[in-house]
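User: I am new to this structure, so please take me closely through one part of it, the buried interior, and then show me how its surroundings are held to it. Please explain each term when it first comes up.

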Amino acid sequence: MVQTNFKEDTTSATTGYIESFQTMLLLEAKAIERCAGLLSGKKIDKAIELILTSKGKVVVIGVGKSGIIANKIAATFTSTGTTAIYMHASDAMHGDLGIIGSKDVLIMLSNSGETSEILALLPHIKQRNVPIIAIVGNVRSTLANHADVAFDASITREACPLNLAPTCSTTVALAIGDALAMTLMEVKGITSENFAINHPAGGLGKRLSLKVKDLMRTDTRNFVVAPETSWNDILSKINEGKIGAVNIVDGNSALLGIITDGDIRRIVQNKTTVEIASLTAISVMTKNPVVVKPEMLAYDALQLMEKRPSQISVLPVINENNYCMGLIRLHDIVGKI
C-alpha cells in the first residue's frame with residue numbers, strides 16, 4: 001500500500017507548499033496502485049505473448065502528452081532487449097505508416113480512447129493485420145474495442161488542481177509501459193551483460209561492460225620477478241614499474257605470490273639492515289594473494305579491493321591455470337568507472 005507518513009524537512013523554513021506537493025505525489029502513487037488492482041492477468045499474459053512471439057518490432061503510437069509517454073516507453077523497450085520505435089499518429093498518416101510491418105506489434109496510447117488521429121489510423125492498421133495493444137483510460141472506447149488487448153489505465157482524477165492537465169493519466173500509462181518492458185526483460189532472461197551492450201557510454205555502461213582484461217597491466221607493464229630475486233632487485237623492479245607491486249612467478253610463469261609497497265615498508269620497520277640484505281622474493285612475498293580473472297568485471301574487482309577490513313590497491317590477474325597475466329590497480333579502475 002502507498003505510505004502516507006511523510007517526514008517534513010525541518011532544516012529550513014517552509015513556505016507552506018509541502019502539503020500540496022505531497023498531495024500531488026500521493027494522487028499519482030494511488031493512481032498507479034489502483035491501476036495494479038484493475039489489470040487482468042489474462043490480458044497481461046496475452047500482451048506479453050503477442051510481443052514475445054512477434055517476429056518484428058514494437059511500434060508505440062501516441063499524440064500530445066500521450067505521445068511523449070509513448071516515446072519513452074519505446075526507448076525503455078529498446079534499451080532492455082525488445083526492439084521498439086515511437087511513431088507520432090499524425091506523421092503516420094503522412095507516410096510513416098510504411099514503418100509498420102506485418103510482423104510488428106502496436107502499442108497505442110490514448111487516455112480517452114477517442115483521439116481523432118489515433119482513430120484515423122485504425123482502418124489502415126487493420127489492413128496490415130497487425131495486433132494492437134491499447135493503453136486507454138476508457139475500456140469502452142473505440143480504440144479499446146478495436147484492440148487485441150486493452151489495458152485499463154483509467155483514473156479517478158488528475159493530480160492537476162483543475163483536474164485538467166494530464167498527470168495521473170500519463171503516469172499510469174508510463175507505469176504500464178514500464179511494467180510490460182520489465183516483464184519482457186525478465187521473461188527473456190536479459191542479463192547485466194546484455195543490458196551493457198546497449199549502454200556502452202557513461203558510468204553505468206562502463207560499470208557493466210569494462211572488464212579486468214581491459215584495464216590490467218600486461219606485457220612490458222606487467223613486472224614480475226623470480227622467487228630467488230634479491231632485495232635490491234625487488235626494489236628496482238617495483239620502482240621501474242611505478243605501480244607499487246610486483247608478482248612473483250615460477251619458471252612456467254605461474255603465480256607464487258605478490259610483493260607490494262606495503263610489504264616493503266613493514267619489512268623495513270621490523271628488520272635490521274643486515275637481515276634485509278639477505279632477503280629474497282620468496283621469503284617476503286604474500287603467498288596465496290587475492291587474485292582476479294581477466295573476464296571479471298572491473299567494477300567487481302574494485303568491490304573486491306575496497307570491501308574488506310584492509311583495503312587492497314593492486315591485484316594479480318591470473319587465468320584458469322594460475323598463469324600470471326598481469327596486475328590491476330584500484331586507481332586504474334576508479335579512473336575509468
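Analyst: What follows starts with the whole chain, moves into the interior, and then turns to the sheet and the charged pairs.

This is a predicted model, in which local features need pLDDT of at least 70 and side-chain atom pairs count only at pLDDT 80 or more, while totals for chains, interfaces and linings use all residues. Residues are numbered from 1 along each chain as its sequence is written, and side-chain values use heavy atoms, with hydrogens and water left out.

The protein contains 16 helices and 11 strands, which are DSSP runs numbered from the N terminus (H or I over at least four residues for helices, E over at least two for strands). Of its 337 residues, 41% are buried, where buried means under 20% relative accessible area, exposed means over 50%, and partly exposed covers what lies in between (1.4 Å probe, protein chains only). Among contacts with a separation of 6 or more, 66% join residues 24 or more positions apart; a contact here means heavy atoms within 4.5 Å.

Strand 1 is a good place to enter the interior. Five of the five residues of strand 1 are buried, and this holds on both faces, with Val-58, Val-60 and Gly-62 on one side and Val-59 and Ile-61 on the other. Strand 1 pairs with strand 2 (residues 84-88) in the parallel sense over five bridges, and Ile-61 stands opposite Met-87 of strand 2. Two strands are said to pair if DSSP finds at least two bridges between them.

The largest nonpolar core holds 29 residues, and Phe-77, Ile-107 and Leu-109 have the most contacts inside it. Such a core is a set of buried Ala, Val, Leu, Ile, Met, Phe, Trp, Tyr and Cys residues joined through side-chain atoms within 4.5 Å. The elements that each supply at least two residues of this core include helix 1 (18-38), helix 2 (41-53), strand 1 (58-62), helix 3 (64-79), strand 3 (105-110) and helix 7 (168-188). Helix 7 gives the most to this core, with seven residues. Leu-109 shows how such contacts are spread: leaving aside residues up to four places away in sequence, Leu-109 touches residues that include Val-60, Ile-61, Ile-69, Ile-73, Ile-135 and Ala-173. Apart from the core of 29 lies another core of 22 residues, among them Ile-61, Leu-121, Leu-122 and Val-130. As background, nonpolar side chains tend to be buried together in soluble globular proteins.

Charged pairs also join the elements around this interior. The structure holds eight salt bridges, each defined as a side-chain nitrogen of Lys or Arg within 4 Å of a carboxyl oxygen of Asp or Glu. In one of them, the closest N and O atoms of Lys-57 and Asp-104 are 2.8 Å apart; Lys-57 sits in the loop between helix 2 and strand 1, and Asp-104 in the loop between helix 4 (89-92) and strand 3, 47 residues apart. Asp-104 is buried, with a relative accessible area of 4%. In another, the side chains of Lys-72 and Asp-178 meet at 3.0 Å, N to O, and because Lys-72 lies in helix 3 and Asp-178 in helix 7, this pair ties together parts 106 residues apart in sequence. Lys-72 is partly exposed, at 36% relative accessible area, and Asp-178 is partly exposed too, at 24%.

Further along the chain, four strands form an open sheet in the order 6-7-8-9, with mixed pairing. Strand 6 (224-225) and strand 9 (286-287) stand at the edges with a single partner strand each, so one side of each has no neighbour in the sheet. Strand 6 and strand 7 (residues 245-249) pair in the parallel sense over two bridges, and Val-225 has Ile-248 of strand 7 as its bridge partner. Helix 11 (residues 231-241) packs on this sheet, touching strand 6, strand 7 and strand 8 (255-260), and its direction makes about 125 degrees with that of strand 7. Axes are lines fitted to C-alpha atoms, for helices over the stretch in contact, and angles run from 0 to 180 degrees between N-to-C directions.

In helix 15 (residues 298-306), Ala-298, Ala-301, Leu-302, Gln-303 and Met-305 are buried, and the buried residues of helix 15 pack against helix 10 (212-215), strand 10 (314-318), strand 11 (324-329) and helix 16 (330-334).
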